[in-house]
Amino acid sequence: MNKFQFQDREVTFSIIRGEIINHQRMSTPELNSNGHNIQLTNNITQEIWLLKEDGREDSFRLVNKEIPIRPGQLISLIYITTTIKNKDNTIGPILINHNAKKYWTLPSKNQMRVDYPRYKFGITGWAFIAASIGTFLATNWWAVPVAVIGYYMVTGTKYNKTQNISMQKLFDDHLESIIHNEFSTVSKLALNLEKIKSPQGLH
């Protein structure tokens with residue numbers, strides 16, 4: 001488990017490793033109605049069973065994600081959990097196929113974004129608003145809403161863009177490092193699984 005702190009939230013990277021022992025591909029028809037049009041679509045589900053490196057078996061499903069895998073291959077699954085005020089949100093997995101030396105990021109690009117508070121009131125912003133309040137009290141003119149909107153659009157937008165770009169790059173670089181390091185675990189994973197599958201490991 002790997003943790004990374006981003007401002008007001010903690011991001012945890014959890015990794016499951018194992019060998020594919022069974023793989024089934026299922027197609028389920030589904031009717032979709034859009035006004036007067038009815039369309040028939042097929043949902044493709046892959047159910048995958050793993051023998052994990054701790055000796056236990058586990059399964060997971062991929063829906064409408066075509067990933068070329070087969071029994072006997074070693075894979076790693078990376079799940080990302082974001083915790084904000086004790087509330088967790090988990091996305092994933094990122095699937096690494098050690099035999100094929102490839103990986104697939106299954107969450108969408110939008111899901112992989114790191115979202116931060118869009119607006120932050122710094123010293124300049126508070127001074128700007130205080131001056132506007134003073135103007136309003138002195139002239140009875142509606143400067144306050146204009147000032148707030150102006151600050152919201154100029155200072156806040158600038159903060160949002162620069163802060164999000166910086167944090168997103170840190171997140172992307174950290175995730176890329178985890179993926180790169182995970183490829184180097186294949187030898188240890190294979191050795192652990194061989195011990196588990198040996199006669200001594202089965203008892």
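The protein chain has three helices and seven strands, and this description refers to a predicted model. Followed along the sequence, the elements occur in the pattern β-β-β-β-β-β-β-α-α-α, with the strands written before the helices. Among contacts between residues at least 6 apart in sequence, 56% join residues that are at least 24 apart. Of the 203 residues in the protein chain, 31% are buried. The protein chain exposes about 13,400 Å², and carbon and sulfur atoms supply 56% of that area.

The pairing of the strands can be followed from the N-terminal part of the chain. Strand β1 (residues 2-6) and β2 run antiparallel and are joined by five bridges, and within this pairing Gln5 has Glu10 of β2 as its bridge partner. Glu10 also stands opposite Thr83 in β5, where β2 and β5 pair in the antiparallel sense over ten bridges. With β3, strand β2 pairs over 16 bridges, again in the antiparallel sense. Strand β2 is thus a partner in the pairing with β1, in the pairing with β5 and in the pairing with β3. The hairpin of β2 and β3 has two residues between the strands, and in this hairpin Gly35 takes a positive phi near 70 degrees.

The bridge partner of Leu31 in β3 is Leu40, and these two residues belong, together with Ile38, to a nonpolar patch on the surface. The patch has about 370 Å² of accessible area when its members are taken together. Leu40 is found in strand β3 (residues 37-52) and has a relative accessibility of 61%, so that Leu40 counts as exposed.

Nonpolar residues are also gathered in the interior. In soluble globular proteins, nonpolar side chains tend to be buried together. In the present model the largest nonpolar core contains 14 residues, of which Phe13, Ile78, Ile80, Ile94, Met112, Phe171 and Leu175 touch the most other members. Two or more residues of this core are given by each of β2 (9-34), β5 (74-84), β6 (87-97) and α2 (143-183), and the largest share, five residues, comes from α2. The surroundings of Ile78 illustrate the packing: when residues up to four places away in sequence are not counted, Ile78 touches Phe13, Ser14, Ile15, Gly92, Pro93, Ile94, Ile96, Ile178 and Ile179. A second, separate core consists of eleven residues, including Ile20, Ile69, Ile75 and Leu95.

Charged residues were examined next. Side chains of opposite charge can pair when their charged atoms come close. In this model the count comes to nine salt bridges. One of these is formed by Glu182 with Arg17, with the closest N and O atoms 2.5 Å apart. Because Glu182 lies in helix α2 and Arg17 in strand β2, the pair ties together parts that are 165 residues apart in sequence. Glu182 has a relative accessibility of 2% and therefore counts as buried, whereas Arg17, at 21% relative accessibility, counts as partly exposed.

A further salt bridge is made by the side chains of Glu47 and Arg61, with an N to O distance of 3.8 Å. This pair likewise links distant parts of the chain, since Glu47 is in strand β3 and Arg61, 14 residues apart from it, is in strand β4 (residues 57-63). Glu47 is buried, with a relative accessible area of 16%, whereas Arg61 is exposed, with a relative accessible area of 54%.

In helix α3 (residues 186-197), Glu194 and Lys197 are three residues apart and are therefore separated by about one helical turn. These two residues form a salt bridge in which the closest N and O atoms are 4.0 Å apart, and Lys197 is partly exposed, with a relative accessible area of 36%. Elsewhere, salt bridges that share partners join Arg17, Glu53 and Glu182 into one network.

Terms used
Residues are numbered from 1 along each chain as its sequence is written. This is a predicted model: local features need pLDDT of at least 70, side-chain atom pairs count only at pLDDT 80 or more; totals for chains, interfaces and linings use all residues. Side-chain values use heavy atoms; hydrogens and water are left out. A nonpolar core is a set of buried Ala, Val, Leu, Ile, Met, Phe, Trp, Tyr and Cys residues joined through side-chain atoms within 4.5 Å. Buried means under 20% relative accessible area, exposed over 50%, partly exposed in between (1.4 Å probe, protein chains only). Helices (H or I, at least four residues) and strands (E, at least two) are DSSP runs, numbered from the N terminus. Contact means heavy atoms within 4.5 Å. Accessible areas come from the Shrake-Rupley method with a 1.4 Å probe; for residues, only the protein chains shown count as cover. Patches are made of residues with over 30% relative accessible area and no salt bridge: like charges are joined within 9 Å, nonpolar side chains (Val, Leu, Ile, Met, Phe, Trp, Tyr) within 5 Å. Two strands pair if DSSP finds at least two bridges between them.
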